[in-house]
Amino acid sequence: ASVKARYCADLNDLLGQVDFVVNIVPGGKETLKLFGWEQFCAMKSSAFFINVSRGSVVDQDALVRALKEKKIEGAALDVTDPEPLPCGHPLLAMDNVIITPHVGSNTLKTRRKMFNVVLKNVDAGLR
């Protein structure tokens, strides 16, 4: 079967065509608040936004507004800014939002690597 894929040079154009946006870009100056009001408005009103990247990549105020104004259907967030969100933050009370406690790295392989880093750091600190 042939694939009918095409290159999309404009992020907002792409956002208007998809049902799920899964954000996995690295955090940094270039991606700070990459997803803001303009991007959420470019998405389909039936679309879902999923962030497993960094909280700083999303303008959370714009996300809250987009969810309240039904610019997008819902969001799933494994990361927020700050982490954890303060009590009373609007995202915590929204029925169309799922927030997980930054568990994207929760695999046995990753935890073993993390444990080895801790051991090396403790060893270095004791020397």
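Here is a short chat about how the labels on this predicted model are earned.

Visitor: What should I keep in mind about the model?
Guide: Local features need pLDDT of at least 70 and side-chain atom pairs 80 or more, while totals for chains, interfaces and linings use all residues. Residues are numbered from 1 along each chain as its sequence is written, and side-chain values use heavy atoms, with hydrogens and water left out.

Visitor: Why is the chain called more spread out than a compact globule?
Guide: The rule is 2.2 Å times the number of residues to the power 0.38, and the radius of gyration is taken over C-alpha atoms. For 127 residues the rule gives 14 Å; the chain comes out at 18 Å, well over that, so it earns the description. Its C-alpha trace spans about 55 × 45 × 30 Å along the principal axes.

Visitor: What makes Phe-35 and Phe-49 a tilted pair?
Guide: Rings of Phe, Tyr and Trp (its six-membered ring) pair if their centres lie within 6.5 Å; planes under 30 degrees apart are stacked, over 60 edge-to-face, the rest tilted. Here the centres are 5.0 Å apart and the planes 55° apart, hence tilted. Phe-35 sits in the loop between strand 1 (20-23) and helix 2 (37-42), and Phe-49 in strand 2 (residues 48-51).

Visitor: Why is the pair of Phe-40 and Phe-49 called edge-to-face?
Guide: Their planes make 90°, with 5.2 Å centre to centre. Phe-35, Phe-40 and Phe-49 form one aromatic cluster.

Visitor: How do you know that Phe-40 is buried?
Guide: Buried means under 20% relative accessible area, exposed over 50%, partly exposed in between (1.4 Å probe, protein chains only). Phe-40 has 0%, so it counts as buried.

Definitions and conventions:
Helices (H or I, at least four residues) and strands (E, at least two) are DSSP runs, numbered from the N terminus.
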